[in-house]
Amino acid sequence: MGLKAFRSPDGRYRTALYSVEGEEHFLIAEKTANGVLLSEFTGIGEVVDQVYKASANLLAELKAYPHGAGEITISERPYEYLTVNVHCTNCDSRTMRRELDSLEVSKIVEVPVVPMFLCTKCNKKFYTMSKRYLRNLIARNPELFEKEELKRREENEAAFLSEIQEYMVRIFASKRLALIKIDG
């Protein structure tokens, strides 16, 4: 069974919704200056995973993604940029967009580890770091952590993820960046 994808004028692909353990997800694939970025979201726009591949073949990476269908059909329907219904603490707007969508994708050299969003009205920056995203990030990059930290993670993953999130809140608060939580 194939999966539909929609192509933006600047070469991004966004898939139609597909099911992962009973929850709707979609994927955005982008060819950056040095590779391919695959970002997976829930149907409401929560970032679940983000994988960067040192590859030049966007469609091959999209087809091979773990939740991909192996077969991609490019739809004629217009591409929809991701927006999420989240309250901006600066201007009261209820619409955020991904920061990466405001950049020319082919010139993106460094992909941020922490997904960033911008208010569509006032451009205030926000970051998001769900426990699911953080769990995937840690699993893919265990070399970033000390042995003791990984042991704590094995003993009580929920407490470890909460601790990491608390550190991030403090770090980003010092930079005047607020955490957004995308709820259904």
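Start by selecting Tyr79: at 9% relative accessibility, this residue counts as buried. The model in your viewer is a predicted one, and every stop on this tour is a place in that prediction. Now add Tyr81 to the selection. With 36% relative accessibility, Tyr81 counts as partly exposed. Show both side chains as sticks and turn the view until you see one ring from its edge. Tyr79 and Tyr81 make an edge-to-face aromatic pair, with 4.9 Å from centre to centre and 70° between the planes.

How many aromatic pairs does the structure hold? There are four, and another one makes a good next stop. Select Tyr127 and Phe172. Their ring centres are 4.1 Å apart and their planes meet at 25°, so this pair is stacked. Colour by secondary structure here: Tyr127 belongs to strand β11 (residues 125-127), while Phe172 belongs to helix α4. The two residues are 45 apart along the chain, and the pair links distant parts of it. Buried or exposed, what are these two rings? Tyr127 is buried, and Phe172 is buried as well.

**Charges over rings**

Keep the side chains visible and move to Phe26. Arg14 lies over the face of this ring, 4.0 Å from the ring centre. Then select Phe6 together with Arg77. Here the charged end of Arg77 sits over the ring of Phe6, at 4.3 Å from its centre.

**The largest pocket**

Helix α4 comes up again at the next stop, so keep that helix in view. The largest pocket has a volume of about 260 Å³. To find its middle, select Leu134, Leu137, Phe145, Ile164 and Met168, which are the closest to the centre among the 14 residues of the lining. Which elements each supply at least two residues of the lining? They are α2 (131-140) and α4 (157-174). Of the contributors, α4 gives the most, with five residues. Try colouring the lining by residue class: you will find 13 nonpolar residues, one polar residue and no charged ones.

**An enclosed space**

Next, look for a cavity. Searching the whole structure turns up one cavity of 30 Å³ or more. The volume of the largest cavity is about 80 Å³. Select its lining in one go: Phe41, Val47, Gln50, Arg98, Glu99, Leu100, Pro112, Pro115, Met116 and Phe117. Strands β6 (47-53) and β10 (116-119) each provide at least two of the residues that line this cavity. Colour by class once more, and the lining shows seven nonpolar residues, one polar residue and two charged residues.

**Along strand β6**

Stay with β6 and pick out Asp49, which lies in this strand. Is Asp49 buried or exposed? Its relative accessible area is 9%, so Asp49 is buried. To see what surrounds this residue, display its contacts and set aside neighbours within four places in sequence. Asp49 then touches Leu38, Ser39, Glu40, Tyr65, Tyr133, Asn136 and Arg140.

**The loop between β10 and β11**

From β10, follow the chain onward to Thr120, which is found in the loop between β10 and β11. At 36% relative accessibility, Thr120 counts as partly exposed. Select Thr95 too and draw a distance between the C-alpha atoms: these two residues are 25 apart along the chain, yet their C-alpha atoms are separated by 5.9 Å. Beyond its neighbours within four places in sequence, Thr120 is in contact with Ser93, Thr95, Met96 and Arg97.

Asn123 is also placed in the loop between β10 and β11. Asn123 is partly exposed, with 46% relative accessible area. Now check the backbone angles. Most residues other than glycine have a negative phi. What is the phi of Asn123? It is near 65°, a positive value in a residue that is not glycine.

**Last stop: a second positive phi**

Finish at Glu21, in the loop between β3 (18-20) and β4 (23-31). Glu21 is not a glycine either, and its phi is positive, at about 50°. Switch on the surface to see how open this position is: with 84% relative accessibility, Glu21 counts as exposed.

Key: Residues are numbered from 1 along each chain as its sequence is written. Side-chain values use heavy atoms; hydrogens and water are left out. On a 1 Å grid over the protein atoms alone, a cavity is a set of points where a 1.4 Å probe fits but cannot get out, and a pocket is an open set with protein on both sides within 12 Å along at least five of seven lines; lining residues have an atom within 4 Å of a point. Grid points are joined across faces, edges and corners, and a volume is the space filled by probe spheres set on the points. Helices (H or I, at least four residues) and strands (E, at least two) are DSSP runs, numbered from the N terminus. Ala, Val, Leu, Ile, Met, Phe, Trp, Tyr, Cys and Pro count as nonpolar, Asp, Glu, Lys and Arg as charged, and the others, Gly among them, as polar. Rings of Phe, Tyr and Trp (its six-membered ring) pair if their centres lie within 6.5 Å; planes under 30 degrees apart count as stacked, over 60 as edge-to-face and the rest as tilted. Buried means under 20% relative accessible area, exposed over 50%, partly exposed in between (1.4 Å probe, protein chains only). A charge sits over a ring if NZ of Lys or CZ of Arg is within 6 Å of the ring centre and within 35 degrees of the ring normal. Contact means heavy atoms within 4.5 Å.
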